[in-house]
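Subject: Structure handover and notes

Dear colleague,

I am passing on the structure we spoke about, together with some notes on what turned up in it. Please have the model open while you read.

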Amino acid sequence: MPRVALVQTNQRKQLATMSPVDAQQRLVEMWLHGKAPNTVSAYRSYVTRFLGFLGKSLLEVTVEDLYAFSESLAELAPNTQIVNLACIKSLISFAQKIGYMPFNVGAALKLTKSADRLSERLLIQRDIQKMVWATEQAQYRYSSEKQRDLIILKLLYTTGLRVSELTGLQWCNLVARGHLGQLTVIGKGNKSRSVIIPKELWAELMDFRGNAADDAPVFKSRKGGGHLDRSQINRIVEAAASRAGINKKVSPHWLRHAHATHALEAGADIGLVGQTLGHANVATTSRYLHHRPDNSSSLYIPVL
C-alpha cells in the first residue's frame with residue numbers, strides 16, 4: 001500500500017475510536033499540522049466561526065449550509081470572505097481524503113475571484129523615502145526604538161520580507177558576506193531562501209545588534225524580551241506613513257509590493273525578484289509588471 005494511503009488509513013482508524021466531538025477536534029488538528037504558526041492561528045479562527053455558525057457536526061454539513069455560511073460573511077471584505085471559504089473547503093477536502101467524510105461537499109461551493117486591487121497599494125520610491133526621513137526626524141522616548149523602527153522600514157522594503165518572516169528573525173539567521181550581509185528565512189510551505197543585504201543596511205544592522213547572542217530575536221519586544229509581534233510591526237509602519245503624510249492605511253505588505261515593483265522597474269530579472277520574495281510561481285511575480293505599465297494602447301488613440 002502506498003505511504004500516503006497508509007497514513008490516511010491510520011488517521012481514519014484513529015478518528016473512529018474517538019467520540020464525535022473529540023474526533024472532530026482531532027481532525028482539525030491533523031489538518032493544521034505542519035502549517036506556519038500565523039496560518040494555524042488564522043485558520044483556527046475561521047474554522048471556529050464556521051462550526052459555531054453550523055451548530056452541528058461537520059459530518060452533517062450540506063451544500064446549503066456552505067452557501068448560507070457564505071452569505072453570513074457579507075459584512076467582511078471580499079478577500080476576507082474568500083479566505084474564510086477557501087479555508088473551510090480545504091478542511092472538508094482533507095476530511096474526505098482521509099475517509100472521515102464520505103463526500104467532499106465543499107467542491108460544489110465555487111469561490112468568486114476577487115478584483116486585483118494591487119495598484120491601489122503601491123507606494124512610489126518618494127513615499128518610501130519620506131517614511132524613512134519622517135521617522136528620522138520624529139521624537140522618540142528612546143533612541144534605540146527609533147533605530148529599530150528605521151531598520152524595520154528599511155529591511156521590509158530592501159529585502160521584501162513578509163511581516164511574519166521579519167518577526168521571526170534571530171541573529172543566527174544573518175551572516176556576513178564580505179561587506180554585504182545575507183539573511184535566511186523559512187517562508188511559506190516551510191521553504192528556505194536567502195536574501196542579500198546591501199552593505200549600508202548591513203552596517204546599520206550590525207551596529208543595532210551590539211552584543212546580542214545568536215539566538216536572540218533581531219527585533220525584540222521591550223516587554224518580556226521576546227519577538228515583536230506583527231501588530232507592533234503594523235503600528236510602526238502605519239506611524240511612519242502617517243508622519244510622511246500618506247493618507248492610506250499602509251501595512252508592512254505594502255513595502256513588499258513596493259520592493260517587487262521598484263526592482264522590476266529598475267531592470268531586475270523577474271525570476272530573481274520571485275526568488276527573493278519566495279514566490280512559488282513566476283506568475284505571482286508577474287502581477288507587478290502590469291500595475292505600473294510604461295506603455296498602453298491608449299497612448300496611440302488620437303487626442304479628442
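The notes below go from the whole chain to the strands and then to the aromatic rings.

Please keep in mind throughout that this is a predicted model, and that the values below were computed from it.

The protein chain has 304 residues, of which 38% count as buried, and its secondary structure comprises 13 helices and 3 strands. If one takes the contacts between residues that are at least 6 apart in sequence, 58% of them join residues at least 24 apart. The chain exposes about 17,500 Å², and carbon and sulfur atoms supply 53% of that area.

Turning to the strands, β1 (residues 174-177) and β2 (residues 180-186) run antiparallel and are joined by 4 bridges. Together β1 and β2 form a hairpin with 2 residues between them, and in that turn G178 has a positive phi of about 70°. R177 stands opposite L180 of β2, which gives you a place to begin when you look at this hairpin on screen. On to the next pairing: β2 also pairs with β3 (residues 192-197), again in the antiparallel sense, over 6 bridges, and here G181 has I197 in β3 as its bridge partner.

The structure also holds 6 aromatic pairs, and I describe two of them here. In one, W31 and Y43 are stacked, with 5.4 Å from centre to centre and 15° between the planes. Because W31 belongs to helix α2 (residues 20-32) and Y43 to helix α3 (residues 37-54), this pair ties together parts that are 12 residues apart in sequence. W31 counts as buried, since its relative accessibility is 4% and the cut-off for buried is under 20%, whereas Y43 is partly exposed, with a relative accessible area of 24%.

The other pair is formed by W171 and F208, whose ring centres are 6.4 Å apart and whose planes lie at 55°, so the pair is tilted. W171 sits in the loop between α8 (163-167) and β1, while F208 is in helix α9 (residues 199-209), so that this pair ties together parts that are 37 residues apart in sequence. Both W171 and F208 are buried.

Finally, to return to the first of these pairs, W31 and Y43 form one aromatic cluster together with Y46.

With best wishes

Key
Residues are numbered from 1 along each chain as its sequence is written. This is a predicted model: local features need pLDDT of at least 70, side-chain atom pairs count only at pLDDT 80 or more; totals for chains, interfaces and linings use all residues. Side-chain values use heavy atoms; hydrogens and water are left out. Buried means under 20% relative accessible area, exposed over 50%, partly exposed in between (1.4 Å probe, protein chains only). Contact means heavy atoms within 4.5 Å. Accessible areas come from the Shrake-Rupley method with a 1.4 Å probe; for residues, only the protein chains shown count as cover. Two strands pair if DSSP finds at least two bridges between them. Rings of Phe, Tyr and Trp (its six-membered ring) pair if their centres lie within 6.5 Å; planes under 30 degrees apart count as stacked, over 60 as edge-to-face and the rest as tilted.
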